[in-house]
Amino acid sequence: MPSVHHVSAKSGDVIVLVGTMKGAFVLRANGARKKWDVGGPYSIGSPVYAMAFDQRQGRRRMWWAQQSFRWGTVLCSSDDYGKTITEPETYSVKFPAESKLALKNIWQIALGRADAPDTLYCGVEPAALFESKDAGKSWAPVKGLLDHPHRDRWVPGGGGMCLHTILPDPADPKRMTIAISTAGTYRTDDGGATWQARNQGVRAEFLPEKYPEFGQCVHKIVQHPAKPERLFLQNHWGLYRSDDSGNSWKDIANGVPSDFGFCMVVHPHDPDTVYIVPIESDEYRCTPEGKLRVYRTRNAGKSWEPLTRGLPQKNAMETILRDSLAADTCDPAGIYFGTRSGKVYGSNDEGRSWQAIIEGLPPVVCVRAALVGAGAISSPRRRGGAEKKKAGRKSSAARRAPKRKAHGRARTAKR
Amino acid sequence: MPVSIRIPTYLASFSGGQSAIALEGSPDTVREALDSLWRVHPALKDRILDEQGEVRQHINIFVGEEAIRFADGLATAVPSSAEILIVPAVSGG
């Protein structure tokens with residue numbers, strides 16, 4: 001087994017959580033984001049498809065999903081960047097017996113709204129949404145989606161039938177948008193009781209009917225909290241934007257080398273700025289022309305520009321998966337992505353230039369970034385602002401806060 | 001001799017370090033034996049069975065040398081003094 005190195009982070013530092021097919025890693029740098037320490041691996045040997053960092057109420061809690069093809073999938077957490085890990089004795093995310101379903105994997109861990117600081121969500125395979133209202137101690141499936149009348153006609157995509165995108169609406173506590181491969185986009189406006197397919201205008205290239213009510217293979221949707229009615233969508237073929245909360249979508253693949261891709265992230269401070277990494281075709285699934293290029297729009301999809309400085313532009317046959325692109329909330333924002341070849345790249349200047357932070361990791365399947373002390377962030381949905389200034393104040397409060405126990409019945413071990 | 005269950009090294013961290021556990025009582029089936037095991041070491045249950053009560057796909061359970069998947073599954077009979085083995089499947093090339 002590899003030796004495990006731990007990192008420590010203080011307010012103002014940036015951490016990048018990296019989930020791989022063989023465990024989780026924690027990258028740490030100061031606010032300059034030039035030199036990185038590498039912590040981990042944690043959950044050695046286990047695929048980690050989902051990670052999150054919860055800073056609400058003064059927490060510094062990492063969450064990750066430890067998948068084992070033998071022992072099942074369990075949610076783990078740590079309040080000290082992996083030095084002490086809590087792995088529940090009894091698995092907390094489980095389907096009820098009457099569903100006749102069994103958990104295969106957890107694809108997404110998302111934080112609840114700011115006014116619900118103990119709420120967490122998990123998107124899982126087979127496709128379902130789980131909710132915890134007690135900071136992850138207990139979980140229950142959202143019944144309205146579990147019992148959805150379309151469920152029998154959902155089919156798995158290449159990665160499995162996973163619910164991979166969870167977007168609680170920051171303005172409307174009863175509204176949430178989720179995405180499932182391969183079922184498409186669904187939205188609830190009544191707190192999860194009912195869910196309506198929201199796929200109008202999104203093409204299903206692989207079906208006889210190209211614009212069905214549902215069945216699209218959505219790869220990722222992002223939303224900026226300052227403009228929650230606007231959504232951007234990276235489809236299995238197709239780049240789209242909705243300006244009406246998903247009621248309708250329009251094509252925005254203007255000037256990209258391929259409209260196929262997996263990952264997408266919105267700029268933390270600018271709702272018009274979005275990053276993607278185009279991939280060549282669903283047969284080849286590598287970066288086009290052997291060039292590793294992040295594409296950015298700064299006008300909500302009217303045009304896209306390649307960002308290449310510091311990225312290999314020759315013989316770079318890379319694949320970046322749906323959750324492997326993330327942003328921190330610094331100003332200027334940091335953008336990070338990981339490849340299936342085990343490289344993690346970062347930019348500390350909003351994508352103008354890039355550096356290889358680490359190479360040689362197992363295949364990367366999840367990247368999350370956070371400015372430590374910046375309040376709530378886990379996924380690329382966080383409002384920006386003067387968070388560096390806030391960081392110091394929150395950090396002081398956090399240091400005074402009593403230490404929490406993550407679970408009532410849990411095994412906590414020094415690793 | 002009581003019925004005993006031997007578990008793999010990985011799971012011993014959820015059973016207080018024990019890899020061989022002697023069961024109380026006289027279970028008639030593998031299911032009854034496992035129920036006795038859960039009562040003593042509840043953390044083992046979710047790691048061996050999924051939430052529908054099925055043995056996880058890549059775990060093999062033997063009664064002596066008999067694989068229960070080729071017998072009666074969890075209803076496989078357990079003779080007195082038998083050893084039940086819980087073994088990770090090879091599951092690879």
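How many bridges pair β21(A) with strand β22 of chain A, and in which sense? In this predicted model, the two strands are joined over three bridges and pair in the antiparallel sense, with β22 covering residues 294-297 of chain A. One pair of residues helps to place the match: A:Val274 sits opposite A:Thr297 in β22(A). Strand β21(A) also pairs with β20 (residues 261-266) of chain A, again in the antiparallel sense, this time over four bridges. Here the bridge partner of A:Gly261 is A:Pro278 in β21(A).

What covers the faces of β21(A) can be told residue by residue. On one side sit A:Val274, A:Ile276 and A:Pro278, on the other A:Tyr275 and A:Val277, and all of these are buried. Put as a count, five of the five residues of the strand (residues 274-278) are buried, so β21 of chain A is largely enclosed by the rest of the structure. The loop that leads from β21 to β22 of chain A holds A:Glu289. This residue has a positive phi, near 60°, although it is something other than glycine. A:Glu289 counts as partly exposed, because it has 14 C-beta neighbours inside 10 Å.

A:Trp237 makes a useful counterpart. It too is a non-glycine residue with a positive phi, about 75°, and its place is in the loop between β17 (231-235) and β18 (239-242) of chain A. A:Trp237 has 20 C-beta neighbours inside 10 Å, so it counts as buried.

Elsewhere in chain A, four strands make up an open sheet, ordered β12-β13-β14-β15 and paired antiparallel. At its edges are β12 (162-168) and β15 (196-197) of chain A, each of which pairs on one side only. Strands β12(A) and β13 (residues 176-181) of chain A run antiparallel and are joined by six bridges, with A:Leu163 standing opposite A:Ile180 in β13(A). Just past β13 comes a backbone oddity to look at: the peptide bond from A:Ser181 to A:Thr182 is cis, with omega near 5°. A:Thr182 belongs to the loop between β13 and β14 (184-188) of chain A. Another cis peptide bond runs from A:Asp331 to A:Pro332, also with omega near 5°. In this case the loop is the one between β24 (325-327) and β25 (335-338) of chain A, where A:Pro332 lies.

Now for the nonpolar interior. The largest nonpolar core has 116 residues, and A:Met51 and A:Val367 are the ones that touch the most other members. Strand β28 (residues 364-371) of chain A gives this core its largest share, seven residues. Apart from it lies another core, made of 23 residues, including B:Phe14, B:Leu34, B:Leu37 and B:Ile48. Nonpolar side chains tend to be buried together in soluble globular proteins. Setting aside neighbours within four places in sequence, the contacts of A:Met51 include A:Leu17, A:Ala24, A:Met62, A:Trp63, A:Trp64 and A:Ile109. A:Cys366 and A:Arg368 are also among the contacts of A:Met51.

Chain B has three helices and five strands, which follow one another from the N terminus as β-α-β-α-α-β-β-β. Its radius of gyration is 12 Å, which agrees with the value near 12 Å for a compact globule of 93 residues. The C-alpha trace of chain B spans about 40 × 30 × 25 Å along its principal axes. Of its 93 residues, 30% count as buried. When contacts in chain B between residues at least 6 apart in sequence are taken, 53% of them join residues at least 24 apart.

Where the two chains meet, 14 residues of chain A are in contact with 13 residues of chain B. On the chain A side, the residues that touch chain B are seven nonpolar, two polar and five charged.

Finally, a word on confidence. Chain A has a mean pLDDT of 91, with 90% of its residues at 70 or more. Over residues 376-409 of chain A, however, the pLDDT is below 50, and this stretch has 73 contacts in the model beyond near neighbours in sequence. Where pLDDT is low, the predicted coordinates should not be read in detail.

Notes. Residues are numbered from 1 along each chain as its sequence is written. Chains are lettered from A and ligands numbered from 1 in the order in which they are written. This is a predicted model: local features need pLDDT of at least 70, side-chain atom pairs count only at pLDDT 80 or more; totals for chains, interfaces and linings use all residues. Two strands pair if DSSP finds at least two bridges between them. A residue is buried if 20 or more other C-beta atoms lie within 10 Å of its own, exposed if 12 or fewer, and partly exposed in between; C-beta atoms are placed from the backbone. The radius of gyration is taken over C-alpha atoms; the globule rule is 2.2 Å times the number of residues to the power 0.38. Two residues are in contact if their C-beta atoms, placed from the backbone, lie within 7 Å. Ala, Val, Leu, Ile, Met, Phe, Trp, Tyr, Cys and Pro count as nonpolar, Asp, Glu, Lys and Arg as charged, and the others, Gly among them, as polar. pLDDT is the predictor's confidence in each residue, from 0 to 100. A nonpolar core is a set of buried Ala, Val, Leu, Ile, Met, Phe, Trp, Tyr and Cys residues joined through C-beta atoms within 7 Å.
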